[in-house]
Amino acid sequence: MTSAHHLIVIGFDEIVANKYLPCIRDAIKSGHIDSYSIVDLESQRTDIDRRIQAASLKPRGAVYLPDFSDRVQETPQEIIAAAIHRLRVPGVPTKVYIATEVRAHEAYLRFCVENHIDSLVEKPVLAPVADGRFKPSYITKTMEELIGIA
């Protein structure tokens with residue numbers, strides 16, 4: 001078997017805590033991952049801390065990112081990079097599960113693709129926005145661009 005990976009979960013909502021945490025536990029027990037960490041928004045800290053407290057499987061670490069106004073459609077790449085860097089385990093490959101709000105999916109996915117980090121994005125993968133409105137016609141263009149980078 002290949003070496004274990006560290007899993008970084010972007011967005012620790014009720015679904016992740018209640019439905020996927022048992023899967024994460026099983027992946028640790030079977031040796032696929034060694035541990036997990038969490039990235040979420042500062043505005044969600046109280047709820048996330050409550051979920052962590054209630055969980056039998058605790059994360060290795062958690063990073064809370066500053067909240068951005070609704071006008072900002074993505075988390076700046078340098079903030080994402082700092083969070084991922086802080087949670088990486090030296091000598092252990094990283095995998096990322098993106099389960100945050102849809103408007104932030106593209107920024108996290110782009111970071112992972114550009115930095116050759118294996119990632120899984122919940123659906124919908126992305127919802128491109130231009131001028132504050134969802135632009136479905138941008139999905140194909142954005143996906144083609146990300147595939148080209150990969």
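The exchange below concerns the fold of a predicted model and one acidic residue within it.

Because this is a predicted model, local features need pLDDT of at least 70 and side-chain atom pairs count only at pLDDT 80 or more, while totals for chains, interfaces and linings use all residues. Residues are numbered from 1 along each chain as its sequence is written, and side-chain values use heavy atoms, with hydrogens and water left out.

Biologist: In what pattern do the helices and strands of the protein chain follow one another along the sequence?

Modeller: Helices (H or I, at least four residues) and strands (E, at least two) are DSSP runs, numbered from the N terminus. The protein chain has five helices and seven strands, and read along the sequence they give β-α-β-α-β-α-β-α-β-β-β-α.

Biologist: Which strand holds Asp40?

Modeller: Asp40 lies within residues 33-41, and contacts (heavy atoms within 4.5 Å) beyond its neighbours within four places in sequence include Gly11, Ile48 and Tyr64. The element that holds Asp40 is strand 2.

Biologist: How far from Asp40 is the nearest side chain of opposite charge?

Modeller: Asp40 is buried, meaning under 20% relative accessible area with a 1.4 Å probe and protein chains only. Lys and Arg count as positive and Asp and Glu as negative, with His and the chain ends not counted. Asp40 has no salt bridge, which would require a side-chain nitrogen of Lys or Arg within 4 Å of a carboxyl oxygen of Asp or Glu. The nearest side chain of opposite charge belongs to Arg51, and its distance from Asp40 is 5.6 Å.

Conventions
Buried < 20%, exposed > 50% of the residue type's maximum accessible area, 1.4 Å probe, protein only.
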